[in-house]
Structures are given as C-alpha cells and as structure tokens.
Amino acid sequence: MSYSPWLPWAGLGLLLLVAVWLAYVFLSTRQKTGSWTAPASGPPSDPSSLKGDYLRRIDAVAADSATGRLSARAAHQALSLLIRSFVRDIAGIDAPRMTLAELREQNIPAAALAVSSLYPAEFGPEPRDSEPGDSEPGDPEPGDSVATAAETAREVVRTWS
C-alpha cells in the first residue's frame, strides 16, 4: 500500500501557508520606525501656578502622613512620584518611567538627588512598631523622615528654574 501522490503536495502547501501567515503576523505587528513619536511638551504656560500646585500636593502628602492616613513608605513613594511628575510637567522629561540611573543621566541633578534620598524609605524594610519607651533621646520621630522628604521635594519645586 502506497501513499497518495497528492499527500506530499498537501504537506508542502500547509507548510507554505504557515510560513506566509507567520511572515504576515511578524511584519504587520512590527513598530514602524519614525511613524510615532511622543509630542514634545513645551514648557508650561504658567510655571508659577504649576509650582504652586505641586507644593500643595506635597503638603497634602505630608499632612496625610502626619495624621496617619498614609504610612511612611506610602508617603515616600507618593513624594517620589510627585517629584518625577513635576519634572515631566515642567521640563517634558518622562521621569516617572525612568530608573534612578536614567534620571541621573538627565541634566536634573536636584531631582535625581531628591529621588535617590527617598529610595531607602521607599524600598527598605518597614520600620518596626516601637513602644513609647523604645526610642533613644534625640532619635527622629517616624514622621520626621516624611517631613524631611517633603521639605526636600518642596526644595526641588521651589528652586526649579
């Protein structure tokens, strides 16, 4: 008993069909070079109102942390995002999507330094709950790190030129 003579041709046709389909999928889903670029955002029309808005947002995060609505870690993360968003809105640099190394490569040393100062509190271990007598005299209160971080964020916004 032998195979039908059309069977090898059917197999070859099926392979050709799969190859054509793969080529179509590959070529139709490739990103075309130069076809889409993000619109360059220019400087804001009113930088002072933008700065005022971000200063209010920073104050709100600090207040939420002081009242206990935000943990220290969440407050540091929010402040980092506010600094990065401010850089995006004022300079058009997509800082919210950048790593710290990429942020340092930009010409914005104050923002990179501020974000790097927030990293230990953002990504470090949670502070342990302490009893009222556990702290040493002169130890900063847990909320002080948020207050210091908020002041650093305010300084970035205020000194931006």
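Q: What percentage of the 161 residues in the chain do buried residues make up?
A: This is a predicted model, and a residue counts as buried when its relative accessible area is under 20%. By that reading, buried residues make up 25% of the 161 residues in the chain. The accessible surface of the chain comes to about 11,500 Å², and carbon and sulfur atoms account for 61% of that surface.

Q: How many helices and how many strands does the chain have?
A: The chain has six helices and zero strands, and reading along the sequence gives the pattern α-α-α-α-α-α. As for how the chain comes together, one can look at contacts between residues at least 6 apart in sequence, and 65% of these join residues at least 24 apart.

Q: How many residues of helix 1 are buried, and what span should the helix have?
A: A helix can be checked by comparing its end-to-end distance with the span expected at 1.5 Å a residue. The 23 residues of helix 1, residues 7-29, should span 33 Å, and because the end C-alpha atoms are 33 Å apart, the two values agree. Helix 1 is hardly covered, with a count of zero buried residues.

Q: Which residues are buried in helix 3, and how far does the helix reach?
A: Helix 3 has 20 residues and reaches 28 Å from its first C-alpha to its last, which is close to the 28 Å expected. The buried residues in helix 3 include Ala-75, His-76, Leu-79, Ser-80, Leu-82 and Ile-83, and also Arg-84, Ser-85, Phe-86, Val-87 and Ile-90. After helix 3 comes Gly-92, which has a positive phi, near 80°.

Q: At what angle do helix 2 and helix 3 pack?
A: The angle between two helices tells how their directions compare, and an angle over 145 degrees counts as roughly antiparallel. Helix 2, residues 47-67, and helix 3, residues 72-91, pack at an angle of about 175°, and their axes lie 10 Å apart. The two helices are therefore roughly antiparallel to each other. On the side of helix 2, the residues that make the contact include Leu-50, Tyr-54, Ile-58 and Val-61, while those of helix 3 include Ala-78, Leu-82, Ser-85 and Phe-86. By class, this contact has eleven nonpolar, two polar and four charged residues.

Q: Is Ser-85 buried or exposed, and which residues is it in contact with?
A: Ser-85 has its place in helix 3, and because its relative accessibility is 9%, it counts as buried. Leaving aside neighbours within four places in sequence, Ser-85 is in contact with Tyr-54 and Pro-96.

Q: What is the relative accessible area of Arg-73?
A: Arg-73 is also found in helix 3, and its relative accessible area is 23%, so Arg-73 is partly exposed. Sequence separation and distance in space can be read side by side here: Arg-73 and Pro-125 are 52 residues apart along the chain, and their C-alpha atoms are separated by 9.3 Å.

Q: Where is Leu-103 found, and which residues does it touch?
A: Leu-103 is found in helix 4, residues 100-105, and with a relative accessible area of 1% Leu-103 is buried. Not counting residues up to four places away in sequence, Leu-103 touches Arg-84, Ala-95, Met-98, Ile-108, Ala-111, Ala-112 and Val-115. From Leu-103 to Leu-113, ten residues further in sequence, the distance is 9.3 Å, C-alpha to C-alpha.

How values were computed:
Residues numbered from 1 in each chain as written. Predicted model: local features only at pLDDT ≥ 70, side-chain atom pairs only at ≥ 80, totals over all residues. Heavy atoms only, no water. Axes fitted to C-alpha atoms, helices over the stretch in contact; angles between N-to-C directions. Helix = DSSP H or I, 4+ residues; strand = E, 2+ residues; numbered from the N terminus. Parallel < 35°, antiparallel > 145°, perpendicular 65-115°, else oblique. Contact = heavy atoms within 4.5 Å. Nonpolar A, V, L, I, M, F, W, Y, C, P; charged D, E, K, R; others polar. Buried < 20%, exposed > 50% of the residue type's maximum accessible area, 1.4 Å probe, protein only. Areas by Shrake-Rupley, 256 points an atom, 1.4 Å probe, with all protein chains shown as cover.
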